[in-house]
Amino acid sequence: MRPNLTKDISVDSFKDFYWLKEELQSFCRENGISASGSKIEISDRIETFLRTGEIKKPIRKSKVNSKLEIQVDLSLDTVISENHRCSQNVRAFFKTVIPKFHFSTYIQNYFKNNVGKTYRDVLDAWYEEEERKKDPSYKKDIAPQFEYNQFIRDFFADPKNQGKSREEAIVNWNEIKKLAGSNKYTSNN
């Protein structure tokens with residue numbers, strides 16, 4: 001049975017169960033921990049708190065950089081900086097070049113991992129990804145914090161679930177997330 005998320009929970013129990021981001025944020029607020037950031041960042045802060053009692057501060061990104069970015073005229077020759085943000089300004093620029101542009105996980109990771117390259121390189125990467133999507137075997141990467149999405153994809157990839165409904169997949173998910181341990185789909189679920 002899933003325990004309550006309180007400051008008395010063991011680290012192992014905390015790590016063994018699935019928690020909604022809202023539950024994690026609520027725990028943080030009750031215990032004076034920053035509730036900002038991604039689900040993974042929040043979980044890391046909670047784990048540190050449960051292990052040591054230390055309240056870890058979130059890593060703050062400088063807001064000065066985002067103000068500077070707005071003032072810069074973007075072009076295909078713009079170089080990806082170390083502090084690059086996938087902002088509305090950047091999205092608006094790319095939409096002028098590619099009307100159906102959006103920040104996919106692949107493109108966001110491209111920005112992170114290609115400091116020094118240009119927006120022209122991003123454009124090429126975007127078109128390469130669009131070509132890969134045409135392959136019937138192509139599957140987008142699902143980031144680790146999106147356990148539900150990964151579970152649902154894996155549920156429907158299992159041949160024994162052929163013809164099952166989304167509602168059946170969700171019922172299965174709701175059962176597995178109550179249990180200790182991994183939330184990954186297996187044929188045994």
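Here are some informal notes on this predicted model, point by point.

1. Some ground rules before we start. The model is predicted, so local features need pLDDT of at least 70 and side-chain atom pairs count only at pLDDT 80 or more, while totals for chains, interfaces and linings use all residues. Residues are numbered from 1 along each chain as its sequence is written, and side-chain values use heavy atoms, with hydrogens and water left out.

2. Let's begin with α5 and α7. Helix α5 covers residues 88-97, and α7 runs over 119-133 (helices are DSSP runs of H or I with at least four residues, strands are runs of E with at least two, and both are numbered from the N terminus). The two pack at an angle of about 65 degrees, with axes 12 Å apart. Axes here are lines fitted to C-alpha atoms, for helices over the stretch in contact, and angles run from 0 to 180 degrees between N-to-C directions. That angle makes α5 roughly perpendicular to α7 (under 35 degrees is roughly parallel, over 145 roughly antiparallel, 65 to 115 roughly perpendicular, and the rest oblique).

3. Who does the touching there? On the α5 side you'll find V90, F93, F94 and V97, and on the α7 side Y119, V122, L123 and Y127 (contact means heavy atoms within 4.5 Å). By class, that contact has eight nonpolar residues, no polar ones and no charged ones. For the classes, Ala, Val, Leu, Ile, Met, Phe, Trp, Tyr, Cys and Pro are nonpolar, Asp, Glu, Lys and Arg are charged, and the others, Gly among them, are polar.

4. Now look at α6 (residues 105-113), which packs on α7 at about 150 degrees with the axes 10 Å apart. The pair is therefore roughly antiparallel. From α6 come Y106, I107, Y110 and F111, and they meet Y119, D121, V122, A125, W126, E129 and R132 in α7. This contact has eight nonpolar, no polar and three charged residues.

5. Further along the chain, the axes of α8 and α9 (residues 166-176) come within 10 Å and cross at roughly 125 degrees. These two helices are therefore oblique to each other. In α8, E147, Y148, F151, I152, F155 and F156 meet R166, E168, A169, I170, N172, W173 and I176 of α9. The classes here split into nine nonpolar, one polar and three charged.

6. Q145 deserves a quick look too. You'll find Q145 in the loop between α7 and α8 (147-157). At 26% relative accessibility, Q145 is partly exposed (buried means under 20% relative accessible area, exposed over 50%, and partly exposed in between, with a 1.4 Å probe and protein chains only). Leaving out residues up to four places away in sequence, Q145 touches K39 and I40. Its C-alpha atom is 10.0 Å from that of E41, although the two residues are 104 apart along the chain.

7. T48 belongs to helix α3 (residues 39-52). With 14% relative accessibility, T48 counts as buried. Setting aside residues up to four places away in sequence, T48 touches G53, E54 and K56.

8. Last, the cysteines. How many disulfides does the structure hold? Zero, where a disulfide would be a pair of cysteine sulfur atoms within 2.5 Å. C28 is buried, at a relative accessible area of 0%, whereas C86 is partly exposed at 30%.
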